[in-house]
Every structure is written in structure tokens, then in C-alpha cells.
Amino acid sequence: MSERKTSVIVGGSSGIGFAVAQALAARGERIVLTSRDAGRAEAAARKIGGDAIGLGFDLAEPHTIAGKLAGVGAVDHLAIPAVERDRNSVKDYDVARAIRLATIKLVGYVEVIHALLPRLTADASVVLFGGQARERPYPGSTTVTAVNGAVTTMVRNLAYELPSIRFNAIHPGVVADSAAWAGNTAVLERTRAQTPGGRLVTVADCVAATLFLLDNASMNGANLVIDAGWGLV
């Protein structure tokens, strides 16, 4: 019998992150999930059940991350779907919010990897989350577009610098049943009209893509777009 794997999901207390945690737990993996709020992380871990663990730390406070992850043992799979929605424009620029999101994505993501690096197993794989705002900006996406574009190059550098570990990213488009877009009829119908077959991306699609990247040994340094062909029509 193969040894049981451990997965860490940073930003795993809700949304796509929680769905990823559920899917990994369902196939028998030990789950460590995190949230900015320790209580939410612990509640989500209880929902997962078994020996799942919930930890609280804020990616925007990167100096605290290593200490919070100190008790985590060997890690086979690491997914980092954590994100904040920052509506920011150049005309009405909120510097504090921009710094926070940039810190989460550009420093916090890498610091998680740095903190766990000695415990990533020989065949470990990592999936980062970006988004199609990197190529399809929308009103208020100034910072979101910039940081998701940075994730694109980040995975390439990580794969080059740390060749024993696989690094990939997924870039979802508008995820119809996510908390960010569910109920926004105008955006969903506009996206549907611009997508071949009128199909919208779901949370389940994002979960399946994440597991594919975690599992497929030939995927490395890749940026996988999950948008159902948005923009082709």
C-alpha cells in the first residue's frame, strides 16, 4: 500500500479552495487548509472531517507565515488559491489595497513555498492560482490584472529555480457558481454570449484542473487557462 499523501491548501476555507480540499480528502489525502481567520480554517477542517487541520495566517503578513506552518510535516501537494477581490483603478487608486493584494500574491505565495520547501517531498507538486483578468481586464481590475500576470511568470521561474518540484498555475475566467460571480446576471450572460456553446466555467472545472496539474508528471511551468473558450465568439 502506498504511503498516504498530505496536501496543503492555502486559502482553503471557502470557495474553490475548499472544494479542492474536499476533492483531495475524498481520495484519501491528509488535509491542511488555511484561512486568514483561524476560526474559519478550523471550522472548514471540521467539515472536511477525519484528521484535517485548519491554520490561520494572513498572506499579506508574510513574516508570520513560516511560524504558522512550522508544525506541518512532509507535503506532497500544495495549492494556493487564496485571493482577495480588489477593485482598484488608476483614476481612483487605493494604495493600501493595492499593496495588500500585491503582497498576498507576489510575496505571500512565494513565502509559503519558501517556508515549506524543506518539507516538500521528492515528487511534490504546486499549483498557484492566477486568473484571466491578466489578459481580459475589467473596470477596477488594475491590481488584479497586474498580479495575475505576475503569477504567469512566477511559475516559470519557480520551475526553473527548483527543478525537483513541479510548479504550475491555473487561470480561471468567470466562474459562474463562485461567490465572486454567482448572481451577477449581466456579467454571466455577457460571458455566455462570448463563449462557444454558451458554456460557463464552474467551480468543479477549476477543481478538476487543479487535480490534473497536481497529478500529471509532465505538467511543469505551465499556465492552464480555464475559461471555456471565452472570447472566441
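Start at strand 6, residues 166-172, and add strand 7, residues 223-226. Four bridges join strand 6 to strand 7, and the two run parallel. You are looking at a predicted model. Now pick Ala169. Its opposite residue is Asn223 in strand 7.

**The whole sheet**

Select every strand of the sheet. There are seven, and the sheet is open. Read across in the order 3-2-1-4-5-6-7; the pairing is parallel. Strands of a sheet pair through backbone hydrogen bonds.

Which strands stand at the edges? Colour strand 3 (53-56) and strand 7 (223-226) to see them. Each has a single partner strand, so one side of each is left without a neighbour in the sheet. Next, look at the twist. Neighbouring strands are turned by 20° against each other on average, direction ignored.

**Helices on the sheet**

Show helix 4, residues 95-116. Helix 4 packs on the sheet and touches strand 1 (6-10), strand 4 (75-80), strand 5 (120-129) and strand 6. Compare directions: helix 4 makes about 175° with strand 4.

Move on to helix 5, residues 142-161. This helix also packs on the sheet, where it touches strand 5, strand 6 and strand 7. The direction of helix 5 makes about 165° with that of strand 6.

**An aromatic pair**

How many aromatic pairs does a search of the whole structure find? It finds one. Select Tyr138 and Trp181 and show their side chains. The ring centres are 6.2 Å apart and the planes stand at 85°, so the pair is edge-to-face.

Zoom out to place the two residues. Tyr138 sits in the loop between strand 5 and helix 5. Trp181 sits in the loop between strand 6 and helix 6 (185-193). The pair therefore ties together parts that are 43 residues apart in sequence.

Turn on the surface. Is each ring's residue buried or partly exposed? Tyr138 is partly exposed, at a relative accessible area of 24%. Trp181 has 15% and is buried, because buried means under 20%.

**Two helices together**

Finish with helix 1 (residues 15-26) and helix 2 (residues 38-48). They pack at an angle of about 35°, with axes 10 Å apart. The crossing of helix 1 and helix 2 is right-handed.

Show side chains where they meet. From helix 1, select Phe18, Ala21, Gln22 and Ala25. From helix 2, select Ala44, Lys47 and Ile48. Colour these contact residues by type: five are nonpolar, one is polar and one is charged.

Note on methods: Residues numbered from 1 in each chain as written. Predicted model: local features only at pLDDT ≥ 70, side-chain atom pairs only at ≥ 80, totals over all residues. Heavy atoms only, no water. Axes fitted to C-alpha atoms, helices over the stretch in contact; angles between N-to-C directions. Left-handed = near helix turned anticlockwise from the far one by under 90°. Contact = heavy atoms within 4.5 Å. Nonpolar A, V, L, I, M, F, W, Y, C, P; charged D, E, K, R; others polar. Pairing = 2+ DSSP bridges. Phe/Tyr/Trp six-rings, centres within 6.5 Å; stacked < 30°, edge-to-face > 60°. Buried < 20%, exposed > 50% of the residue type's maximum accessible area, 1.4 Å probe, protein only.
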